[in-house]
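Got your viewer open? Let's take a walk through this protein, one selection at a time.

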Amino acid sequence: MNSTKQTNKFTRFLRNNAALLLIIFCVVAITSVVLAVTLTRDRTTPVIPNNPVDGKPDDNKPDPVEKDKIKVYFGKPVEYTSISMEYTDGKDVLFVFSSTLNSWESHNAVDLVAADGTAVNAMYDGTVIEVTETYGLGHIVKVDHGDNVIATYASLGDVQVQKGQNIKKGEKIGAVSTSASYEFKDGAHLHLEITKDGKNVNPMPYVSGEIFREVEQD
């Protein structure tokens, strides 16, 4: 008798809560499916390396090929015979005598004496940044030779270049002359100044081929 009553109660419970039970069953089923898919994917999905290239890890990329480097020296700008006025560094050499001005002066250049008309050539590859003329130094060509090195070629004649022109080492810039009025008593010569990082330096190590740069060989 009691068993029959319990059965009836359970039957009525199922009948009255059928919708709720169906929802619970669906939730449990969906949760089970999601968990099963997630676990399966974690075991089968391959690990992709960071920054893949064609499916290969970065370690397999070939190392860049290093080009050989060669030394390229600054060249002598003119075939000179002597130096009429040396560079004054303010330490070992304070002043030099200017026969034109008849006085002792500081001199931020070297004057390389050569026959009138002797070719003046670029000491290194560069870009012409100024072509001008002044009373004191005559015809002037300034060349940016890179690495903050700027050369001023002055007392020129027969100027062959113009502002903005790219030139190669050994290319003719002009010729020595007596166009520098402040130095005309010294005869035809090249007045050469060099600045490095905006400061005057002795041009002779450049003239004598002591200064070089390491460049990649093509």
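Start by selecting Lys 196 and Asp 147: these two form a salt bridge, and their closest N and O atoms are 3.1 Å apart. Now look at where each one sits. Lys 196 belongs to strand S12, while Asp 147 is in the loop between S8 and S9, so the pair ties together parts that are 49 residues apart in sequence. Check the surface too: Lys 196 is partly exposed, with a relative accessible area of 24%. Keep in mind that everything here is a predicted model.

Next, pick Lys 172 and Asp 158. That's another salt bridge, with 3.2 Å between the closest N and O atoms. Here Lys 172 is in strand S11 and Asp 158 is in the loop between S9 and strand S10 (166-167), 14 residues apart. Both ends are partly exposed: Lys 172 has a relative accessible area of 32%, and Asp 158 comes in at 45%.

One more charged pair: select Lys 76 and Glu 79, a salt bridge with its closest N and O atoms 3.3 Å apart. Lys 76 is partly exposed at 41%, whereas Glu 79 counts as exposed at 57%. The whole structure has 4 salt bridges.

Now go back to strand S11 and select residues 172-176. Is this strand enclosed or open? Of its 5 residues, 4 are buried, so S11 is largely enclosed by the rest of the structure. Show its partners as well. Strand S6 (residues 119-121) pairs with S11 in the antiparallel sense over 3 bridges, and you'll find Val 120 opposite Gly 174. Strand S9 (residues 149-157) also pairs with S11 in the antiparallel sense, over 2 bridges; there, Gly 157 stands opposite Ala 175.

Time for a buried spot. Select His 145, in the loop between strand S8 (138-144) and S9. Its relative accessible area is 3%, so His 145 is buried. What is His 145 in contact with, leaving aside its neighbours within four places in sequence? Its contacts include Phe 74, Tyr 124, Tyr 153 and Arg 213.

Three of those names lead to the next stop. Add Tyr 206 to your selection: ring pairs link Phe 74, Tyr 124 and Tyr 206 into a cluster. Then bring Arg 213 into view, which lies over the face of Tyr 124, at 4.8 Å from the ring centre.

Stay with the rings, since the structure holds 5 aromatic pairs. Select Phe 97 and Trp 104: their ring centres are 5.5 Å apart and their planes meet at 65 degrees, so this pair is edge-to-face. Phe 97 is partly exposed at 37%, and Trp 104 is exposed at 58%.

Then jump to Tyr 135 and Tyr 182, an edge-to-face pair with 6.0 Å from centre to centre and 80 degrees between the planes. Tyr 135 sits in the loop between strand S7 (126-134) and S8, and Tyr 182 in the loop between S11 and strand S12 (189-196), so the pair ties together parts 47 residues apart in sequence. Tyr 135 is exposed at 64%, and Tyr 182 is partly exposed at 44%.

Finally, zoom out and colour by secondary structure. You should find 3 helices and 14 strands. Buried residues make up 27% of the 218 residues. Switch on the surface, and you're looking at about 14500 Å² of exposed area, with carbon and sulfur atoms supplying 54% of it.

Note on methods. Residues numbered from 1 in each chain as written. Predicted model: local features only at pLDDT ≥ 70, side-chain atom pairs only at ≥ 80, totals over all residues. Heavy atoms only, no water. Buried < 20%, exposed > 50% of the residue type's maximum accessible area, 1.4 Å probe, protein only. Areas by Shrake-Rupley, 256 points an atom, 1.4 Å probe, with all protein chains shown as cover. Pairing = 2+ DSSP bridges. Contact = heavy atoms within 4.5 Å. Phe/Tyr/Trp six-rings, centres within 6.5 Å; stacked < 30°, edge-to-face > 60°. Lys NZ or Arg CZ within 6 Å of the ring centre and 35° of its normal. Salt bridge = Lys/Arg side-chain N within 4 Å of Asp/Glu carboxyl O.
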